[in-house]
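Student: Could you take me through one part of this model in close detail, and then show me how it connects to what lies around it? I would enjoy one long answer that I can follow with the viewer open.

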Amino acid sequence: MKRTLTAITAALALALGVQAYAAEAVAPASSEPIQLRTMGSFAFGGTVQTLKDGTTFHGDHGYAQYYIAARSRHLPVVMWHGIGQSGKTYETTPDGREGFQALMPRNDWSVYIVDQPRRGRAGYTLEAKGDLIPTTASESGVWEAFRNGPWTAGQDAKLFERSQFPLTTAAIEQFFRQQTPDTGAEPVTAEYRHFMGQTGAALFESIGDGILVTHSNSGQYGWEIAMHSPHVKAVVAFEPGAVAFPEDAKPQDFEIAQDLVKELLAPRLVTAQHWQALTKIPILIIYGDNIETQPNKDSFNAEVWRVSYERAKQFVELVNARGGDAKLVHLPDLKIYGNTHAAFADKNNREILKIVEDFLHEKGLDGYDNPHLGPVWPEPGKVTMPLSTQRASSWRDE
């Protein structure tokens, strides 16, 4: 198998006109260390369900890893990945260079990198596929497997007397949301977009005001998050797969060569009152190079990005017509050529970052007043699950 993979890699490299065994050297990172105040991670949003046997299930939440710059600007940056991806998309680039995960803290931006519900480290859901081993088949099993104490399904959970588990509502919430089996479905429905909007809003409730960066399929969630949360102070969307329109201003149709593309990229219609929130914040949309200008009935992806780009232009025009502040940047128009669907990870990602930073500076969103210090954790409060602090025996007591 190893030989087969090597042969495939070599053949692909040759087809692309590069040398298979003499890869281009990675540009070295800055010799200056990245200075952070702190770093960490937490789950946000999600649901809690009670199963038939009386146990609970915490799932369908998001996951955020954060890096708080030592000399942080006021507004942190939340980065939400696209389809088939996780937060890794903003981390080290495929060729080993620093991604926005490192580049932005170097420029004093605190960042939050998301794994969305049912993806990556936020994969816990009742819709998970595949068989679960007994340890993860129920939350009572997880509780016992981590030796927090015994928990018989349908009865109160117990905590070992000498347990070091931090018994607070927030700690229990985070503990159960760390579990990650296979992920579930991602429905293309208004209900699911609404759910994602609420989930993203829960993240902003924890961190306060901030800037939201989206990519590709998460663009549709970004509009929902901004419509759900007044804490979103700007949106930067890298090639959003879909954009939102008010019901009273459905965009004009144009020729779309493939029915599936027409279905998947149909305008996301919301109430005019809900949509109006998008006219209250600066919006920057960035598209890369090599987007076709004519309908393509043969290539699904070529048609997807042609239609996406046209819809984005309609969206920006409408936002501005209704008193908003939206800008669309097509990189070739700036004489920046060759960028892919993930410009933030391309070889010129520093140049792309400068475009983003210049926009945020222009809008007065890059200040240092009231520096961001990190997420706000809930105060310890009443435990919101059946939990008994009665002494539980263990083999150590026998």
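Tutor: Happily, and let us begin inside a single strand, β6. Val111, Ile113 and Asp115 point one way from β6, Tyr112 and Val114 point the other way, and all of them are buried. Please keep in mind that this is a predicted model. The pattern you see in the viewer follows a common rule: in a regular strand the side chains alternate between the two faces of the sheet. As for burial, β6 is mostly covered, with five of its five residues buried.

Now look sideways, at the partners of β6. Strands of a sheet pair through backbone hydrogen bonds, either parallel or antiparallel. Both kinds turn up here. With β4, the pairing of β6 is antiparallel and extends over five bridges. With β5, the strand runs parallel, and four bridges join the two. Val114 is a good residue to click on for this: Ala64 stands opposite Val114 in β6, and Trp80 also stands opposite Val114.

Stepping back, we can place β6 in its sheet. The sheet is open and has eight strands in the order β1-β4-β6-β5-β8-β9-β12-β13, with mixed pairing. β1 (36–44) and β13 (325–330) stand at the edges and have a single partner strand each, so one side of each is left without a neighbour in the sheet. From one strand to the next, the twist averages 15 degrees.

At the β1 edge, β1 pairs with β4 (residues 62–69) in the antiparallel sense over eight bridges. One bridge to find there is that of Met39, whose partner in β4 is Tyr67. Helix α6 (residues 190–207) packs on the sheet, where it touches β1, β4, β5 (77–80), β6 (111–115), β8 (210–215) and β9 (232–238). The direction of α6 makes about 145 degrees with that of β1. Our starting strand, β6, is thus among the strands that α6 touches.

Following the chain on from β5 brings us to a loop. Thr92 lies in the loop between β5 and α2 (100–106). Thr92 is partly exposed, with a relative accessible area of 36%. Leaving aside residues up to four places away in sequence, Thr92 touches Arg97, Gly99 and Gln101. Thr92 and Ala102 are ten residues apart in sequence, and their C-alpha atoms are 8.0 Å apart in space.

Next come the open spaces, which may interest you as a chemist. The second largest pocket has a volume of about 370 Å³. It is lined by 18 residues, and the closest of these to its centre are Ile83, Asn217, Gln220, Leu264 and Leu265. By type, the lining divides into eleven nonpolar, five polar and two charged residues. Helices α7 (219–228) and α10 (300–321) each supply at least two residues of this lining, and the largest share, four residues, comes from α10.

Both helices deserve a look of their own. Nine of the ten residues of α7 are buried, so α7 is largely enclosed by the rest of the structure. Among the buried residues of α7 are Gln220, Tyr221, Trp223 and Glu224. Gln220 therefore appears twice in this account: it is buried in α7, and it is one of the residues closest to the centre of the second largest pocket.

In α10, the residue to select is Glu303. Glu303 is buried, with a relative accessible area of 0%. Setting aside residues up to four places away in sequence, its contacts are Glu255, Ile256, Ala257, Gln258, Val261, Gln294, Pro295 and Asn296.

There is also an enclosed space to consider. A search of the whole structure finds one cavity of 30 Å³ or more, and the largest cavity has a volume of about 30 Å³. Its lining consists of Gly241, Ala242, Val243, Phe245, Leu265, Pro267, Ser308 and Arg311, which divide into five nonpolar, two polar and one charged. Leu265 lines this cavity and is also among the residues closest to the centre of the second largest pocket.

Finally, here is the wider setting. The protein has eleven helices and 14 strands, and buried residues make up 50% of its 398 residues. Among contacts between residues at least 6 apart in sequence, 76% join residues at least 24 apart.

Methods:
Residues numbered from 1 in each chain as written. Predicted model: local features only at pLDDT ≥ 70, side-chain atom pairs only at ≥ 80, totals over all residues. Heavy atoms only, no water. 1 Å grid on protein atoms, 1.4 Å probe; cavity = no way out; pocket = protein on both sides within 12 Å on 5 of 7 lines; lining within 4 Å. Points joined across faces, edges and corners; volume = space filled by probe spheres on them. Nonpolar A, V, L, I, M, F, W, Y, C, P; charged D, E, K, R; others polar. Pairing = 2+ DSSP bridges. Axes fitted to C-alpha atoms, helices over the stretch in contact; angles between N-to-C directions. Contact = heavy atoms within 4.5 Å. Buried < 20%, exposed > 50% of the residue type's maximum accessible area, 1.4 Å probe, protein only.
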